[in-house]
Amino acid sequence: MTGVLFDLDGTLADTALDLGYVLNILRERHGLPPLPAAVIRPYASHGTPGLLHIGFGLSPQDAPFAALRADFLDLYQRHLSTHTRLFPGIDALLQELDARGLPWGVVTNKPERFTLPLMEQLGLMKRAASIVGGDTCAHAKPHPEPMLHACRELNVAPENCLYLGDAERDVAAARAANMRALIAAYGYLGADDEPDTWNADGSIDHPAQLLA
């Protein structure tokens with residue numbers, strides 16, 4: 001492996017507290033009690049569809065969904081890093097990759113309007129060799145296009161690149177791009193997830209294990 005790519009939410013950064021914070025602000029506005037962080041956490045990697053489903057029982061086909069989604073995203077933009085931090089061990093891992101001269105980047109389905117300022121606020125904007133948001137390319141994960149785009153920016157062949165993510169679509173995207181895939185078991189896996197069926201190359205319980 002000569003390059004490493006990461007998912008953002010639930011893999012590189014623990015964003016669930018800010019996503020939950022914003023979701024509970026919206027629930028309060030609609031006269032609903034706050035949801036516990038433990039209930040919200042497994043949905044943090046599933047974008048606004050997952051969060052608004054757990055928060056309001058809505059799907060994208062429901063009439064109120066679009067307006068609630070707009071409100072959620074406006075609020076979230078103000079609270080990108082109020083509580084968000086890198087997962088323990090990630091900074092040390094990135095420092096080691098830098099020391100070994102291995103380029104790394106981020107491929108996420110989070111839109112650029114959130115991804116780029118969050119990476120800046122986390123101090124990673126200038127360190128990453130590639131940052132690909134959900135709307136950087138014409139397609140998002142599980143399509144391979146954003147993965148291949150990132151590999152070109154890393155100047156690494158896909159078969160020599162490793163992708164670490166915490167959702168089934170992460171593994172599917174890596175496989176479609178002919179990349180190795182590891183599951184971040186420390187991320188936002190939910191009770192309904194079946195990572196053993198995702199066809200990954202393995203899983204890790206702590207970022208430091210990636211170096212092996």
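Biologist: Which elements cover the buried residues of H1?

Modeller: Bear in mind that this is a predicted model. In it, 10 of the 14 residues of H1 are buried, so the helix is largely enclosed by the rest of the structure. The cover includes strand S2 (13-14), helix H2 (37-40), helix H3 (47-56) and helix H4 (65-78).

Biologist: And which residues of H1 are the buried ones?

Modeller: To count as buried, a residue needs under 20% relative accessible area. In H1 the residues that meet this are Ala 16, Asp 18, Leu 19, Gly 20, Val 22, Leu 23, Asn 24, Ile 25, Leu 26 and Arg 27.

Biologist: How far apart are the end C-alpha atoms of H1, and what span should its 14 residues have?

Modeller: H1 covers residues 16-29, and at 1.5 Å a residue its expected span is 20 Å. The model agrees with that, as the end C-alpha atoms are 20 Å apart.

Biologist: What follows H1, and what is its phi?

Modeller: The residue to look at after H1 is Gly 31. Its phi is positive, near 75°.

Biologist: How do H3 and H4 pack: roughly parallel or roughly perpendicular?

Modeller: Two packed helices are described by the angle between their axes and the distance between the axes. For H3 and H4 the axes are 11 Å apart and the angle is about 105°. Angles of 65 to 115 degrees fall in one class, so H3 and H4 are roughly perpendicular.

Biologist: Which residues make that contact, and how do they divide into nonpolar, polar and charged?

Modeller: H3 brings Thr 48, Pro 49, Leu 51, Leu 52 and Phe 56, while H4 brings Phe 65, Leu 68, Arg 69, Phe 72 and Leu 73. Sorted by type, the residues of the contact come out as eight nonpolar, one polar and one charged.

Biologist: Now the salt bridges. Which residue does Lys 141 pair with?

Modeller: The closest N and O atoms of this pair are 2.7 Å apart. It links distant parts of the chain, 29 residues apart: Lys 141 is in the loop between strand S5 (130-132) and helix H7 (145-154), and its partner is in helix H8 (residues 168-176). Both residues are buried. The partner is Asp 170.

Biologist: Which residue joins Lys 141 and Asp 170 in a network of salt bridges?

Modeller: The residue lies in the loop between strand S1 (3-6) and S2. Leaving aside neighbours within four places in sequence, its contacts include Leu 12, Tyr 163, Lys 141 and Asp 170. The third member of the network is Asp 7.

Biologist: Is Asp 7 buried or exposed?

Modeller: The cut-off for buried is under 20% relative accessible area. Asp 7 has 5% relative accessibility, so it counts as buried.

Biologist: What does the salt bridge of Arg 175 and Asp 201 tie together?

Modeller: Their side chains meet at 3.2 Å, N to O. Arg 175 lies in helix H8 and Asp 201 in the loop between strand S7 (180-184) and strand S8 (202-204), so the pair ties together parts that are 26 residues apart in sequence.

Biologist: Which residue does Arg 100 form a salt bridge with?

Modeller: The closest N and O atoms here are 2.7 Å apart. Arg 100 is partly exposed, at 47% relative accessibility. Its partner is also partly exposed, at 31%. That partner is Glu 96.

Biologist: How many salt bridges does the structure hold?

Modeller: Arg 100 with Glu 96 is one of them, and Arg 175 with Asp 201 is another. The total for the structure is nine.

Key
Residues numbered from 1 in each chain as written. Predicted model: local features only at pLDDT ≥ 70, side-chain atom pairs only at ≥ 80, totals over all residues. Heavy atoms only, no water. Helix = DSSP H or I, 4+ residues; strand = E, 2+ residues; numbered from the N terminus. Expected span 1.5 Å × (residues − 1). Buried < 20%, exposed > 50% of the residue type's maximum accessible area, 1.4 Å probe, protein only. Contact = heavy atoms within 4.5 Å. Salt bridge = Lys/Arg side-chain N within 4 Å of Asp/Glu carboxyl O. Axes fitted to C-alpha atoms, helices over the stretch in contact; angles between N-to-C directions. Parallel < 35°, antiparallel > 145°, perpendicular 65-115°, else oblique. Nonpolar A, V, L, I, M, F, W, Y, C, P; charged D, E, K, R; others polar.
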